[in-house]
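Here is a short tour to read alongside the model. It moves from a sheet to a ligand site and then to a nonpolar core.

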Amino acid sequence: MSFLVLQNIKKSFGQTQVVKDFNMSIDKGEFVSFLGPSGCGKTTVLRMIAGFESPSDGTVTINGKNQNSLKTSQRNIGMVFQAYALFPNMNVFDNVAFGLKVAGMAKPDIESRVKDMLKLIHLEHLADRYPYQMSGGQQQRVALARALAPKPQVLLLDEPLSALDAKIRVSLREEIRQIQRQLGITTVFVTHDQEEALSISDRIVVMNAGRADQIGTPSDIYNRPATRFVASFVGTLNIIEAIVSDPAANTIRIGDNLVTLREPIAALKNGDTVSIALRPEAGSMSETAKCDTMLSGKVVSSHFLGSVIRTKLDVGGSQISFDMFNSPDAALPQPGELVSLRFMAHDLLLV
Ligand code: ADP
Ligand code: MG
């Protein structure tokens with residue numbers, strides 16, 4: 001059963017509509033990410049769930065109950081923001097206890113609950129510290145504990161990792177996901193970082209200019225992007241301009257190469273231009289690679305990136321990047337070299 005439902009949500013600030021007919025049903029215990037570029041409306045939707053903003057139109061329902069007329073304090077929602085919004089004048093214990101005190105919980109119950117929360121985030125030993133005495137990652141864990149202490153029915157996280165170093169970001173996102181699973185709490189996580197969204201979500205909503213372009217599992221979003229925007233925003237992507245050669249036979253021309261697509265293009269005409277997407281990891285230069293399609297091209301550049309070698313090819317004027325895994329005996333393709341890029345036709349997506 002859907003636990004958190006956003007139905008026909010719209011939001012305008014003055015003349016500008018920043019959220020346009022947003023619909024989403026989230027199951028109890030589900031972890032959903034809102035993924036999209038800066039300014040697409042992620043925070044605004046989150047703030048409407050929390051009750052900091054009211055929708056210009058549409059309804060927010062939690063556990064079967066319409067929330068529109070409820071204040072934030074009546075919604076029982078936990079929230080963590082990007083900036084460490086801890087109270088600077090309170091130590092860790094008092095920060096985590098804050099919501100419980102406001103709710104009028106008895107002192108011994110507060111003590112035991114705060115202890116449990118600090119255990120959950122592995123910071124029992126820092127109860128007396130003040131925010132300025134802790135790292136950014138530790139502060140965000142305290143912010144998470146503070147949000148979870150009053151047992152909210154929904155947890156909202158607005159880019160909680162954006163201000164942290166890359167390494168801490170990865171370890172903390174895994175910790176957040178693990179805690180979320182342990183508590184089974186329905187969670188909405190906002191991010192502009194596609195790898196973050198792909199790595200921790202049950203489902204992702206890809207947002208584009210106030211709308212949900214696609215809602216799906218990480219694998220759906222990555223492997224079967226519904227729009228060109230999703231295809232290019234999620235993952236690195238080559239967009240190749242091709243010319244329709246024989247629509248009835250699904251063939252197109254990329255440079256001098258004739259390629260047969262899996263998707264039908266019968267509605268197109270000979271000579272039409274089409275955009276084709278190809279992921280960098282789909283191609284290979286190895287002669288033993290499983291493939292049914294080849295493109296010949298000239299190496300433009302090749303870079304050693306550690307775990308992969310990224311090579312850019314010119315194929316009849318289109319630049320195509322592809323990645324191969326590093327190995328100690330891998331040779332860097334040289335600029336000007338003529339090579340064949342091998343891949344499976346089903347990796348070519350019409351976008
Ligand atoms: P995101 O979180 O995806 O970066 P936001 O939801 O913060 O995007 O903002 C979406 C758009 O709404 C932006 O263009 C932003 O400038 C505008 N916006 C957000 N809040 C307000 C406000 N209180 N008044 C006017 N415009 C706003
Ligand atoms: Mg935002």
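## Sheet, ligand shell and core

In this predicted model, four strands form an open sheet in the order β2-β1-β4-β5, with antiparallel pairing. Strands β2 (16-27) and β5 (65-66) are at the edges with a single partner strand each, so one side of each has no neighbour in the sheet. Further in, β1 and β4 run antiparallel and are joined by five bridges. One residue pair to look at here is Leu-6 with its bridge partner in β4, Val-60.

The elements named in this report have these bounds:

| Element | Residues |
|---|---|
| Strand β1 | residues 2-13 |
| Strand β4 | residues 57-62 |
| Helix α1 | residues 42-50 |
| Helix α5 | residues 136-148 |

Now to the ligand. Around ligand 1 you will find Phe-13, Val-18, Gly-36, Ser-38, Gly-39, Cys-40, Gly-41, Lys-42, Thr-43 and Thr-44. By type, this shell holds six polar residues, three nonpolar and one charged. Helix α1 supplies the largest share, three residues.

An unreviewed UniProt entry annotates residues 4-234 as "domain: ABC transporter". That span is 38% helix and 27% strand, and its end C-alpha atoms lie 25 Å apart.

Where does the largest nonpolar core lie with respect to domain 1 and domain 2? The core has 79 residues, and Val-96, Ala-145, Leu-156 and Val-206 have the most contacts inside it. Helix α5 gives the most to this core, six residues. Both domain 1 (2-233) and domain 2 (238-350) contribute residues, so the core lies between them.

Technical notes
Residues are numbered from 1 along each chain as its sequence is written. Chains are lettered from A and ligands numbered from 1 in the order in which they are written. This is a predicted model: local features need pLDDT of at least 70, side-chain atom pairs count only at pLDDT 80 or more; totals for chains, interfaces and linings use all residues. A residue is near a molecule or strand if its C-beta atom, placed from the backbone, lies within 6 Å of it. Helices (H or I, at least four residues) and strands (E, at least two) are DSSP runs, numbered from the N terminus. Ala, Val, Leu, Ile, Met, Phe, Trp, Tyr, Cys and Pro count as nonpolar, Asp, Glu, Lys and Arg as charged, and the others, Gly among them, as polar. Two strands pair if DSSP finds at least two bridges between them. UniProt positions are given in the numbering used here, feature names are shortened, and annotations may be inferred rather than shown by experiment. A nonpolar core is a set of buried Ala, Val, Leu, Ile, Met, Phe, Trp, Tyr and Cys residues joined through C-beta atoms within 7 Å. A residue is buried if 20 or more other C-beta atoms lie within 10 Å of its own, exposed if 12 or fewer, and partly exposed in between; C-beta atoms are placed from the backbone. Domain bounds come from an automatic or database domain assignment.
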